[in-house]
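Trainee: Could you take one part of this model and walk me through it closely? I'd like to follow a single helix outwards and see what it connects to.

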Amino acid sequence: IERIKADTVIERGNRGGGVKVAVIDSGVEPDHPDINISDNRWGCFINCSGNPNGPHDNFGHGTHTSAVATGGAANSENLHLGVAPNSTLYHAKGMNANGSGTFSSIIDSMQWAVQQDADVISVSLGAKGYHEELIEPVRNAEASGSIVVASIGNSGVGTSFTPGSTYDTISVGSMELDPDYPQG
């Protein structure tokens with residue numbers, strides 16, 4: 001939050017009120033103290049048997065990315081603020097319990113986010129290299145008025161992941177290599 005200067009923006013009073021943020025990831029834990037999610041702002045597009053109608057996260061990455069994006073408004077102490085704590089969180093489960101998705105689950109998640117009229121679509125995932133299948137959904141989202149923020153990957157210089165490598169996205173990657181993070 002400090003590295004991207006979100007704390008400064010929050011201190012100036014811009015906390016994301018009125019903004020819809022759709023996170024596409026592994027799901028979201030509804031009982032997390034920093035997250036505010038409801039069933040009507042939830043979509044499940046992969047491995048939905050068992051709990052298809054309610055928010056859940058059997059991998060954890062989606063809860064993490066949701067909290068980074070919108071965390072904080074749900075707790076009275078305003079602890080652990082995300083980038084836009086007063087924004088409204090929508091979450092599309094497009095990744096399974098292993099942190100993997102399919103082109104179909106990601107595309108369906110993006111289409112759902114557009115149908116929800118999301119202002120920002122966060123896609124903290126990607127397929128290494130260039131994949132045509134993910135380009136058109138990004139462009140459709142942009143044409144519908146959504147800003148797509150996607151991972152370029154965390155594998156260092158000379159690597160790229162789609163959809164983050166698409167010119168139409170705001171691409172985000174790690175700021176330094178973590179020696180404990182699996183590279184490649």
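Mentor: Sure, let's start at the end of helix 4: just after that helix, Gly145 takes a positive phi of about 100°. Keep in mind that this is a predicted model.

Now step back into the helix itself. Helix 4 spans residues 135–143, and its buried residues are Ile135, Pro137, Val138 and Ala141. What lies over them? The cover includes helix 3 (103–115) and strand 4 (120–123), along with strand 6 (147–153) and strand 7 (161–162).

Helix 4 also has a charged link to follow. The structure holds 1 salt bridge, and Arg139 forms it with Asp168, with 2.7 Å between the closest N and O atoms. This pair ties together distant parts of the chain, since Arg139 sits in helix 4 and Asp168 in the loop between strand 7 and strand 8, 29 residues apart. Side chains of opposite charge can pair when their charged atoms come close. As for how open the two ends are, Arg139 has 43% relative accessibility, so it counts as partly exposed. Asp168 comes out at 27%, so that residue is partly exposed as well.

While you're in the loop between strand 7 and strand 8 (170–173), look at Pro163, which is found there too. The peptide bond joining Thr162 and Pro163 is cis, with omega about 20°. Most residues other than glycine have a negative phi, and most peptide bonds are trans. On the phi side, Asp117 is one to check: its phi is near 65°, a positive value in a residue other than glycine. You'll find Asp117 in the loop between helix 3 and strand 4.

That brings us to the inside. The largest nonpolar core has 19 residues, and the members touching the most others are Ile24, Ile106, Ile121, Val123 and Val148. At least two residues of this core come from each of strand 1 (20–25), strand 3 (88–93), helix 3, strand 4, helix 4 and strand 6. Helix 3 gives the largest share, 5 residues. Pick Ile24 if you want a good place to centre your view. Leaving aside neighbours within four places in sequence, Ile24 is in contact with Ala92, Ile106, Ser109, Met110, Ile121, Ser122, Val123, Ser124 and Leu125.

Apart from that core lies another one, of 11 residues, with Trp42, Cys48, Ala67 and Ala69 among them. Cys48 is worth a stop. A disulfide joins Cys48 to Cys44, with an S to S distance of 2.1 Å, and the structure holds 1 disulfide. The link of Cys44 and Cys48 is left-handed, at -105° about the S-S bond. Both of these cysteines are buried.

Finish with Asn47, in the loop between strand 2 (42–44) and helix 2 (61–70). Asn47 has a positive phi of about 50°, although it is not a glycine. Is Asn47 buried or exposed? Its relative accessible area is 51%, and the cut-off for exposed is over 50%, so Asn47 counts as exposed.

Methods:
Residues are numbered from 1 along each chain as its sequence is written. This is a predicted model: local features need pLDDT of at least 70, side-chain atom pairs count only at pLDDT 80 or more; totals for chains, interfaces and linings use all residues. Side-chain values use heavy atoms; hydrogens and water are left out. Buried means under 20% relative accessible area, exposed over 50%, partly exposed in between (1.4 Å probe, protein chains only). Helices (H or I, at least four residues) and strands (E, at least two) are DSSP runs, numbered from the N terminus. Contact means heavy atoms within 4.5 Å. A nonpolar core is a set of buried Ala, Val, Leu, Ile, Met, Phe, Trp, Tyr and Cys residues joined through side-chain atoms within 4.5 Å. A salt bridge is a side-chain nitrogen of Lys or Arg within 4 Å of a carboxyl oxygen of Asp or Glu. A disulfide is a pair of cysteine sulfur atoms within 2.5 Å.
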